[in-house]
Amino acid sequence: MTDVSTTTGAAASETAMEGYRRELTGYCYRMLGSSFEAEDAVQDTMIRAWRSREKFEGRSSLRSWLYRIATNVCLDMLSAGNKRARPVDLTAATPLAQAALSPRPDHTWLEPVPDARVLPDATDPAERAVAKESVRLAFMAALQDLPPRQRVVLILREVLAWKASEVAELLDTTVASVNSALQRARATLAERARERPGEVSDPLDEEQQKLLERYVAAFEGYDMAALTALLHEDAVMTMPPFDLWLRGPSDMTGFMTTIGASCAGSRLLPVEVNGLPGFAHYKPDPEHGGYTPWAVQVLELSEGRITALHCFLDTPRFFPLFGLAGHLDADGQPDEVEKGE
């Protein structure tokens with residue numbers, strides 16, 4: 001017969017561990033650059049923790065113990081040396097006249113993530129701002145340039161505000177070693193600081209909200225003149241899994257009216273992604289009517305203009321991740337269509 005106290009204790013342990021799932025997912029996402037690998041890493045962490053729960057002696061907090069396990073899982077996953085990136089990190093901008101859609105494997109790309117899966121329910125505005133900044137695409141790309149252990153140190157010290165002694169204990173090293181790794185990581189990020197876009201207010205200020213409203217109207221109306229007026233002169237557009245990226249309003253709108261012309265008449269639904277404003281992009285579905293998933297858009301804003309439009313096109317993976325409908329009807333409402341008939 002099962003001991004009731006044992007069952008109750010096991011349930012309590014599982015509940016306590018599950019309470020850390022979101023923040024662990026955020027940590028693993030920053031480490032790995034992949035929303036799906038982060039979830040796999042956290043699931044592996046929970047399984048390892050559950051199997052070895054009786055060995056947990058309580059000399060450190062449950063949170064610290066879970067982070068130690070998660071760190072080891074991530075370091076194991078990073079041992080192959082793969083580094084995720086944005087298209088702008090891998091190639092030069094392509095002139096519109098030479099534009100070609102050449103895909104690269106999924107593991108090449110930095111992936112988007114829903115805010116709700118990785119950001120804490122923080123009430124302190126300063127804490128919320130730090131959390132959002134730490135998952136923005138430019139910062140995430142900079143993190144991927146760091147060696148894995150430097151990445152651990154920087155995330156734990158700068159993002160999660162751990163003490164150097166706590167990080168040293170987690171990594172079985174010295175405080176001096178942690179401080180040295182942090183100094184090197186900061187130097188690497190400082191070299192890339194000039195690449196980062198301007199800040200986005202949290203919540204969006206009135207000017208930013210109006211900018212997004214004008215963007216939706218211009219994009220859904222496929223009004224290239226109106227869209228051009230919203231873009232920074234050095235704005236970029238990326239389209240993973242394709243390595244092509246474009247710079248400047250002329251090439252961006254030129255692409256949209258040629259290779260991307262099938263997106264005319266699209267619908268945009270707002271999503272919260274990587275601490276930035278974003279949209280689920282549905283384009284007209286000529287086969288079934290209504291609208292079919294096309295991209296998760298992530299926008300970067302600065303000084304009243306759009307500085308970047310990142311379009312993640314792998315909708316079979318990303319739309320379910322964001323809880324988005326697989327089809328919209330003619331009125332832009334979620335519906336189901338029969339496919340393959």
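**Exercise 1. Identify the residues linked in a network of salt bridges that includes Glu111, and describe the pair that Glu111 forms with Arg317.**

Solution. Begin with the criterion: a salt bridge is counted when a side-chain nitrogen of Lys or Arg lies within 4 Å of a carboxyl oxygen of Asp or Glu. The network links Glu37, Arg84, Glu111, Asp314 and Arg317. The model is a predicted one, in which local features need pLDDT of at least 70 and side-chain atom pairs count only at pLDDT 80 or more, while totals for chains, interfaces and linings use all residues. Residues are numbered from 1 along each chain as its sequence is written, and side-chain values use heavy atoms, with hydrogens and water left out.

Next, take the pair itself: the closest N and O atoms of Arg317 and Glu111 are 3.0 Å apart. Arg317 belongs to helix α15 (residues 315-321), whereas Glu111 sits in the loop between α5 (87-90) and α6 (115-118), and the pair thereby links parts of the chain that are 206 residues apart. Helices here are DSSP runs of H or I with at least four residues, and strands are runs of E with at least two, numbered from the N terminus.

Finally, consider accessibility, where buried means under 20% relative accessible area, exposed means over 50%, and partly exposed lies in between (1.4 Å probe, protein chains only). Glu111 is buried at 2%, whereas Arg317 is partly exposed at 25%.

**Exercise 2. Work out which parts of the chain the salt bridge between Arg68 and Asp172 ties together, and set out the accessibility of Arg68 and Asp172.**

Solution. The side chains of Arg68 and Asp172 meet at 3.3 Å, N to O. Because Arg68 lies in helix α4 (residues 62-78) and Asp172 in the loop between α10 (164-171) and α11 (175-192), the pair ties together parts that are 104 residues apart in sequence. Arg68 is partly exposed, with a relative accessibility of 26%, and Asp172 is exposed, with 64%.

A further salt bridge can be treated in this way: Arg86 and Asp89 meet through their side chains at 2.8 Å, N to O. Of these residues, Arg86 is buried at 10%, while Asp89 is partly exposed at 29%. The count of salt bridges comes to 20.

**Exercise 3. Describe how helices α4 and α9 pack, and name the residues that meet.**

Solution. First comes the geometry: α4 and α9 (residues 148-159) pack at an angle of about 145 degrees, with their axes 10 Å apart. The axes are lines fitted to C-alpha atoms, for helices over the stretch in contact, and angles run from 0 to 180 degrees between N-to-C directions.

Then list the residues, taking contact to mean heavy atoms within 4.5 Å. From α4, Tyr67, Thr71, Leu75 and Leu78 meet Pro148, Arg149, Arg151, Val152 and Leu156 of α9.

**Exercise 4. Establish whether Thr71 is buried or exposed, and find its partners.**

Solution. Thr71, which is found in helix α4, is buried, with a relative accessible area of 0%. Leaving aside neighbours within four places in sequence, Thr71 is in contact with Tyr27, Val152, Leu170 and Leu171. The side chains of Thr71 and Tyr27 are also joined by a polar contact of 2.6 Å, a term for a pair of N or O atoms within 3.5 Å where, within protein, one must be able to donate a hydrogen and the other to accept it, and where residues adjacent in sequence count only if both atoms are side-chain atoms.
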